[in-house]
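This report looks at a protein model with the sequence and the structure side by side. Please keep both in view while reading.

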Number of protein chains: 2
Amino acid sequence: MSSPQPLHDAPPELLAPPPPLEAGRPARRRSPAEEARTLVATSSLGTLATLSDDGHPWGSLVAYGTLDDGSPVLCVSVLAEHGRNLLRDPRASLVVAEATTGADPLDGGRVTLAGRVEPPAADALVAARAAHLAAVPAAQAYIDFGDFSLWRLCVERVRWVGGYGRMDTVDADEYARAAPDPVASSAAGAIAHLNADHADALLAMARALAGYTDASAAVCRRIDRYGLDLAVRTPRGAAPARITFEEPVDAPGGLREATVRLARLARG
Amino acid sequence: MSSPQPLHDAPPELLAPPPPLEAGRPARRRSPAEEARTLVATSSLGTLATLSDDGHPWGSLVAYGTLDDGSPVLCVSVLAEHGRNLLRDPRASLVVAEATTGADPLDGGRVTLAGRVEPPAADALVAARAAHLAAVPAAQAYIDFGDFSLWRLCVERVRWVGGYGRMDTVDADEYARAAPDPVASSAAGAIAHLNADHADALLAMARALAGYTDASAAVCRRIDRYGLDLAVRTPRGAAPARITFEEPVDAPGGLREATVRLARLARG
């Protein structure tokens with residue numbers, strides 16, 4: 001192994017984008033804990049790492065539901081290798097990855113939840129079962145088979161990666177307290193709509209709200225409860241820009257109104 | 001944990017489909033080793049399980065290329081937790097999952113390759129680098145950074161799961177010798193085309209070649225170099241049926257001719 005060279009966390013072309021020409025509005029983003037909770041909440045499929053009997057790390061696909069504190073609930077058969085592994089050693093980690101559509105699969109979000117599995121306590125069994133079935137309806141067919149058990153993964157350590165240059169370690173208590181983004185499931189549709197029908201509004205936002213007064217085009221890359229990430233084109237090169245909503249969006253259907261308000265602000 | 005009840009490996013409604021009314025043609029399928037090689041060859045993204053310094057299993061997303069013997073080649077930074085883990089302990093497993101579109105995520109294919117990573121030998125470095133870059137073009141941006149290293153995962157143990165009731169352990173030598181299915185990348189398009197435009201041909205196949213002489217409809221669920229998997233509707237209930245090509249397809253573009261020949265055989 002050669003010794004590390006100077007740190008880098010983004011492809012070279014992204015390291016020095018042109019700055020805004022004027023100060024933009026203050027940016028607010030999801031915290032790493034909110035990013036992690038959102039990734040876990042918007043999927044029901046992950047890869048579980050467990051320990052085989054010889055101590056070898058073993059990975060396998062699992063479906064999960066999520067409790068209110070973000071703990072995943074697995075429904076696992078002792079006939080599966082990972083089921084036998086968990087019976088022997090409760091240490092596990094669960095990786096949940098965003099469904100990416102981009103050209104570079106490592107520029108998508110993912111999170112690792114490491115901890116120990118335990119059977120849900122008697123008074124938590126109903127909630128655990130309901131959480132699993134809500135996320136994995138197909139489990140109805142086998143959840144009551146005798147070889148299947150529910151396991152709650154008690155999260156001790158969280159590592160979130162949002163893509164190049166966006167990553168953080170998350171405190172387990174902070175993870176438990178954070179809320180998943182309520183607009184996550186409508187983000188893809190909103191992005192497609194904005195880019196297809198409202199390129200002019202996005203450009204106005206880049207110019208008036210992010211300080212890129214020389215912008216010639218703007219494309220929405222991401223949207224969340226706190227705002228939009230734009231890719232802005234300027235004569236000085238391409239740059240990312242963050243546009244923050246006037247108020248965080250608190251309901252799944254709230255993106256439209258928040259975006260319309262931003263567009264009015266940009267034009268007025 | 002309760003003791004295992006009688007074994008099951010499929011949802012109840014699939015346990016007793018109606019049998020064909022006449023003997024169908026002999027069925028040929030991909031071997032589990034071919035299934036595993038095909039899954040690994042058709043993706044470049046997986047989840048790696050490694051061992052943290054305290055022995056905890058740690059999962060993380062990785063991109064990989066594949067050598068001719070099916071060994072994955074990773075390009076990993078020592079700045080990443082899994083990079084430090086591999087330096088300390090070479091034991092790892094890689095999970096590659098099929099991109100599923102069905103309602104039940106656990107009814108899709110996935111494979112676990114367990115083994116040990118090692119730096120490619122000097123005379124294998126060029127091939128390893130080329131394999132990684134062919135599968136992960138974005139790695140060009142960082143493959144030469146000093147904190148990144150290439151690792152070959154030497155596969156010792158393979159577990160393939162194709163979905164409910166389709167799973168097997170694969171001998172590592174058999175995995176190394178098997179070939180990926182050359183038609184895997186054109187399968188989804190072929191299935192869509194067959195179901196949209198050739199429902200009559202599929203029905204004829206179910207009746208004449210699979211022995212479901214009372215079939216009223218047939219939908220193609222999967223297609224591979226050896227044949228088609230159909231979901232057949234009969235007055236006696238739904239049933240799966242396998243239709244085997246006259247010859248295995250050996251080239252990516254060969255599905256059309258093989259399917260046309262089957263349709264002629266079914267009708268003549």
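In this predicted model, the rule for polar contacts finds 15 residue pairs across the interface of chain B and chain A, with both residues of a pair at pLDDT 80 or more. The side of chain B that touches chain A draws at least two residues from each of several elements, namely the strands β1, β2, β4, β5 and β6 and the helix α2 of chain B. Among these, β2(B) gives the most to that side, with seven residues. The table lists where some of these elements lie in the sequence.

| Element of chain B | Residues |
|---|---|
| β1(B) | 45–51 |
| β2(B) | 57–66 |
| α2(B) | 81–88 |
| β4(B) | 91–97 |
| β5(B) | 110–118 |
| β6(B) | 148–163 |

Charged side chains also take part, since two salt bridges are found across the interface of chain B and chain A. In one salt bridge, the side chain of Arg157(B) meets that of Glu81(A), with 2.6 Å from N to O.

How many residues does each chain bring to the contact? Chain B contributes 56 residues, while chain A contributes 55 residues. Between them, chain B and chain A bury about 4400 Å², and 68% of this area is on carbon and sulfur atoms. Of the interface residues of chain B, 98% are also interface residues in chain A, so the copies meet through the same surface.

The arrangement of the two chains can be described by a single operation, in which a rotation of 180° with 0.0 Å of shift along its axis places chain B on chain A with an RMSD of 0.0 Å. The two copies are therefore related as by a two-fold rotation axis.

Turning to the inside of one chain, we find in chain A an open sheet of three strands, which has the order β8-β9-β10 and antiparallel pairing. Its edge strands are β8(A), covering residues 217–224, and β10(A), covering residues 237–244, and each of them pairs on one side only. Neighbouring strands of this sheet are turned by 25° against each other on average, with direction ignored. Strand β9(A), residues 227–234, is joined to β10(A) by eight bridges, and these two strands run antiparallel. Within this part of the sheet, Leu228(A) stands opposite Ile243(A), which belongs to β10(A).

Which helix packs on this sheet? Helix α7(A), made of residues 255–267, does so by touching β8, β9 and β10 of chain A, and the direction of the helix makes about 145° with that of β8(A).

Definitions and conventions
Residues numbered from 1 in each chain as written. Chains lettered and ligands numbered in written order. Predicted model: local features only at pLDDT ≥ 70, side-chain atom pairs only at ≥ 80, totals over all residues. Heavy atoms only, no water. Pairing = 2+ DSSP bridges. Helix = DSSP H or I, 4+ residues; strand = E, 2+ residues; numbered from the N terminus. Axes fitted to C-alpha atoms, helices over the stretch in contact; angles between N-to-C directions. Contact = heavy atoms within 4.5 Å. Least-squares fit on C-alpha atoms with pLDDT ≥ 70 in both. Buried area = accessible area lost by both parts, 1.4 Å probe. Salt bridge = Lys/Arg side-chain N within 4 Å of Asp/Glu carboxyl O. Polar contact = N/O pair within 3.5 Å; in protein donor to acceptor, adjacent residues only side chain to side chain.
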